[in-house]
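Me: Hi! I have a protein model open and would like to go through it with you. Can we take it topic by topic?

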Amino acid sequence: MAGLESHHQQSLDHVEIPIPRNHSLPQEGKAEDFDYSKRGQWLRAATLGANDGLVSIASLMMGVGAVKEDITAMILAGFAGLVAGACSMAIGEFVSVYTQLDIEVAQMKRDKRRKDNTANEEITESEKLPNPFQAAMASALSFAVGAMIPLLAAAFIGEHKVRLGVVVAVSTLALLAFGGLGAKLGGTPVGQSCARVLVGGWMAMAITFGLTRLIGAAGL
């Protein structure tokens, strides 16, 4: 009886408890190994379009506000800049990407003649070719989204000085947001990205406001 109790006690002392493996570690490794450069092309186009729309229209409205207190003149100038800028971005991106497409197609033809590629390889390469129409629409849309921010901020404010201050304040917040979003998606330092975008936007608005006010004071 004592032997059985001793054997039972030894069995309890050597009980093995299975420990589940942590499956989150491979996922963390995959996140660290993610190639952020794959996002570079569309991220550059989206960030450039939205930032360009914001800075261009905010600076244009600040320039008009430097010499005119009329809200109608500022809003009309901003809206005209939105339409013209979106069209310019779309056309410029279309021409640029179409040129890149022509170069890549010509290179593919040269590679085919030289290496005699198979049909499957041609399909794979064709799927990777840039799309000029998509790039043009994305640039125009991102520019318009950025341009709408200062326009909407100033549309309902009648006081001239308050309107200018609101445009600067809202544009500052939007620049910080664009800089932070681009840094997060691209895996780059957030502080440096926000600082670059913010300082650039402030410089554009200040230079436009100052030069327009100087020319307006000179009576030109």
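Me: How many disulfides does a search of the whole structure find?

Reply: Zero disulfides turn up in a search of the whole structure. Keep in mind that this is a predicted model. A disulfide is a covalent bond between the sulfur atoms of two cysteines.

Me: Okay, what about the cysteines then? Is Cys194 buried or exposed?

Reply: Cys194 is buried, and its relative accessible area is 12%. Cys87, on the other hand, counts as partly exposed at 43% relative accessibility.

Me: Let me zoom out. What secondary structure does the chain have?

Reply: The chain has eight helices and zero strands. If you read along the sequence, the pattern is α-α-α-α-α-α-α-α.

Me: And how much of the chain is buried?

Reply: Of the 220 residues in the chain, 30% are buried. The chain exposes about 14500 Å², and carbon and sulfur atoms supply 65% of that area.

Me: What share of the contacts comes from residues 24 or more positions apart?

Reply: Among contacts with a separation of 6 or more, residues 24 or more positions apart account for 76%. For a pair of positions to look at, try Gly165 and Met62: they are 103 residues apart along the chain, and their C-alpha atoms are separated by 9.6 Å.

Me: Where is Gly165, by the way?

Reply: Gly165 is in helix H7, which covers residues 160-186. Gly165 is partly exposed, with a relative accessible area of 39%.

Me: New topic: charges. How many salt bridges does the structure hold?

Reply: The structure holds one salt bridge. Arg114 forms this salt bridge with Asp111, and their closest N and O atoms are 2.6 Å apart. As a bit of background, side chains of opposite charge can pair when their charged atoms come close.

Me: Where do Arg114 and Asp111 lie?

Reply: Both Arg114 and Asp111 lie in helix H4, residues 71-115. They are three residues apart, which is about one turn of the helix.

Me: Why does Asp111 count as buried?

Reply: Asp111 counts as buried because its relative accessibility is 16%, and the cut-off for buried is under 20%. Its partner Arg114 is exposed, with a relative accessible area of 55%.

Me: Now the rings. How many aromatic pairs are there?

Reply: The count comes to two aromatic pairs. One of them is formed by Phe94 and Tyr98: this pair is tilted, at 5.3 Å centre to centre with 55° between the planes. In case those two values look odd, a pair of aromatic rings is described by the distance of the centres and the angle of the planes.

Me: Which residues form the aromatic cluster?

Reply: Phe94, Tyr98 and Phe133 form one aromatic cluster. Phe94 and Tyr98 both sit in helix H4, four residues apart, about one turn of the helix.

Me: Are Phe94 and Tyr98 buried or exposed?

Reply: They come out in between. Phe94 is partly exposed, with a relative accessible area of 27%, and Tyr98 counts as partly exposed at 35%.

Me: Let's go to the surface. Which residues make the nonpolar surface patch?

Reply: Val199, Met203, Ile207, Leu211 and Leu214 make a nonpolar surface patch of about 490 Å². Met203 is a good one to click on: it lies in helix H8, residues 190-217. Met203 counts as partly exposed, at 48% relative accessibility.

Me: Ser193 is in my view too. What is Ser193 in contact with?

Reply: Ser193 is in contact with Gly179 and Ala183, leaving aside its neighbours within four places in sequence. Ser193 lies in helix H8 and is buried, with a relative accessible area of 9%.

Me: Last one: what does Val64 touch?

Reply: Not counting residues up to four places away in sequence, Val64 touches Ala73, Met74 and Ala77. You can find Val64 in helix H3, residues 40-67, where it is buried with a relative accessible area of 16%.

Me: And how far apart are Val64 and Ile75 in space?

Reply: From C-alpha to C-alpha, Val64 and Ile75 are 9.4 Å apart in space, and eleven residues apart in sequence.

Definitions and conventions. Residues numbered from 1 in each chain as written. Predicted model: local features only at pLDDT ≥ 70, side-chain atom pairs only at ≥ 80, totals over all residues. Heavy atoms only, no water. Salt bridge = Lys/Arg side-chain N within 4 Å of Asp/Glu carboxyl O. Helix = DSSP H or I, 4+ residues; strand = E, 2+ residues; numbered from the N terminus. Buried < 20%, exposed > 50% of the residue type's maximum accessible area, 1.4 Å probe, protein only. Patch = residues over 30% accessible without salt bridge, like charges linked within 9 Å, V, L, I, M, F, W, Y side chains within 5 Å. Areas by Shrake-Rupley, 256 points an atom, 1.4 Å probe, with all protein chains shown as cover. Phe/Tyr/Trp six-rings, centres within 6.5 Å; stacked < 30°, edge-to-face > 60°. Disulfide = S-S within 2.5 Å. Contact = heavy atoms within 4.5 Å.
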